[in-house]
Amino acid sequence: MTTTDHYPQVRRILLPLAMSVFGVVGSFGAANNGQFDRRPADWFMVLLILKGSLSLYWLRTHLIPVLWATVVSTLIYMLMQYPYGPVIFPFIIAVFTTIRLGHRLVGWSALAALYIGHVGGRMVLGINEDGVYQILLVGFFFVLLGTISELFRAHRERVTASERTRREAELRQASEERLRIAQELHDVVAHHISLINVQASTALHLADRQPEQAAPALAAIKDASKEALVELRAIVGILRQADESAPRQPVAGLDRLDHLVSRTSMAGLEVHTVIHGESRPLPTGLDRAAFRIIQESLTNVVRHAKATTATVRIQYGEESLVVQVDDNGQSLAGAPTEGNGIVGMRERATALGGTLATTRTPVGGLRVVATLPLVGQANV
């Protein structure tokens with residue numbers, strides 16, 4: 001048994017023992033302190049005290065039965081006119097715990113039962129030594145006990161609700177982080193594997209006929225796979241949340257656009273870049289989203305469009321950043337089909353409060369336009 005498990009068990013035993021000793025000693029002390037008009041202390045008085053006190057041992061596991069056990073023992077003690085003493089303390093503890101844990105109706109019912117039983121029992125038994133003032137004072141004490149218990153219950157519920165809200169926020173944040181990492185993995189893997197696939201096909205085609213020209217394609221495969229491994233290790237490092245000595249790439253952003261265009265061009269796709277407006281630093285999240293949207297768009301062109309050229313246009317506005325990627329792929333009837341890649345790009349744009357649309361170009365290729373608002377973006 002660990003120390004953490006041991007202490008609650010010790011407290012569970014100490015409470016009823018302490019109440020038993022306190023109740024017996026206090027009641028005998030009250031009997032010897034001039035309460036000669038009360039019933040003398042005897043074995044049955046001790047039995048009633050021990051019954052209420054020792055039942056507290058099961059307070060955590062059998063709350064309601066323990067509560068009513070203290071009601072019965074306290075009521076019998078009071079009606080038998082034993083000396084006034086600390087016999088009511090186990091009842092106070094049981095009522096307080098019951099209401100604090102949310103069993104409000106049961107707790108107030110126990111208060112009412114003991115009060116009505118005490119007042120009614122004295123009337124039936126002809127015990128009229130206490131006046132109206134004492135009866136009202138007992139009633140006020142019971143109401144005060146219930147009110148204090150309610151205040152502690154309300155505080156406990158507020159703390160519990162706050163803790164639940166915090167846990168839900170943590171789970172939601174973790175879920176959003178998992179989604180972001182999943183998007184990063186998809187973009188990294190899809191882009192580099194597509195480039196590797198194209199270059200491998202080229203190398204296989206040239207291996208027999210023009211082996212000397214296959215070397216650049218193999219070199220491109222080596223570079224693309226190396227870069228993919230570095231990015232994957234960086235993402236896995238985030239998942240592990242541990243420091244490591246492996247080299248890490250900086251966060252992907254538009255400052256790596258030239259590198260992306262160069263890599264894509266090696267796969268046989270001629271890529272042109274057009275910048276409108278003054279290039280300037282962007283919030284990290286928006287900068288990463290814009291880069292990944294361009295990367296995924298070019299990946300789709302390499303994999304599906306059978307295009308020879310693509311144009312990347314970036315427009316820096318006062319309130320938004322507009323990213324547009326066009327290709328000269330084959331003309332297809334109808335609206336472009338949206339696969340997982342386009343869905344992922346749209347999710348990136350939507351997460352930043354922006355939009356993403358896909359249409360056909362005049363020559364039949366695919367056009368991807370993402371509008372990302374600059375206002376209200378946190379630099380994370």
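The following legends describe close-up views of a predicted model, centred on helices H4 and H5.

Local features rest on pLDDT of at least 70 and side-chain atom pairs on pLDDT 80 or more, whereas totals for chains, interfaces and linings use all residues. Residues are numbered from 1 along each chain as its sequence is written, and side-chain values use heavy atoms, with hydrogens and water left out.

**View 1. The protein chain as a whole.** The protein chain holds ten helices and five strands; these are DSSP runs numbered from the N terminus (helices H or I, at least four residues; strands E, at least two). Of its 380 residues, 41% are buried (under 20% relative accessible area, 1.4 Å probe, protein chains only). Among contacts (heavy atoms within 4.5 Å) with a separation of 6 or more, 72% join residues 24 or more positions apart.

**View 2. Crossing of helices H4 and H5.** The axes of H4 (residues 89–100) and H5 (residues 104–125) cross at roughly 150° and come within 8 Å. Each axis is a line fitted to C-alpha atoms over the stretch in contact, with angles running from 0 to 180 degrees between N-to-C directions. H4 is therefore roughly antiparallel to H5 (angles over 145 degrees). H4 contributes Phe91, Val95, Thr98 and Ile99 to the contact, and H5 contributes Val106, Gly107, Trp108, Ala110, Leu111 and Leu114. These residues comprise eight nonpolar, two polar and no charged. Nonpolar covers Ala, Val, Leu, Ile, Met, Phe, Trp, Tyr, Cys and Pro; charged covers Asp, Glu, Lys and Arg; the others, Gly among them, are polar.

**View 3. Helix H4 and its C-terminal side.** The end C-alpha atoms of H4 are 16 Å apart, which agrees with the 16 Å that its twelve residues should span at 1.5 Å a residue (1.5 Å times one less than the number of residues). Its buried residues are Pro90, Phe91, Ile92, Ala94, Val95, Thr97, Thr98 and Ile99. Glycine 102, with a positive phi near 100°, follows H4.

**View 4. Helix H5 and its C-terminal side.** The 22 residues of H5 reach 31 Å from first to last C-alpha, close to the expected 32 Å. Buried positions in H5 are Gly107, Ala110, Leu111, Leu114, Gly117, His118, Val119, Gly121 and Arg122. Glycine 126 follows H5, and its phi is positive, near 75°.

**View 5. Annotated spans.** An unreviewed UniProt entry annotates residues 13–31, 43–60, 66–93, 105–125 and 131–152 as "transmembrane region"; such annotations may be inferred rather than shown by experiment. Residues 13–31 are 100% helix and 0% strand, with end C-alpha atoms 27 Å apart. Residues 105–125 are also 100% helix and 0% strand, and their end C-alpha atoms lie 29 Å apart.

Notes
Angles under 35 degrees count as roughly parallel, over 145 as roughly antiparallel, 65 to 115 as roughly perpendicular and the rest as oblique. Buried means under 20% relative accessible area, exposed over 50%, partly exposed in between (1.4 Å probe, protein chains only).
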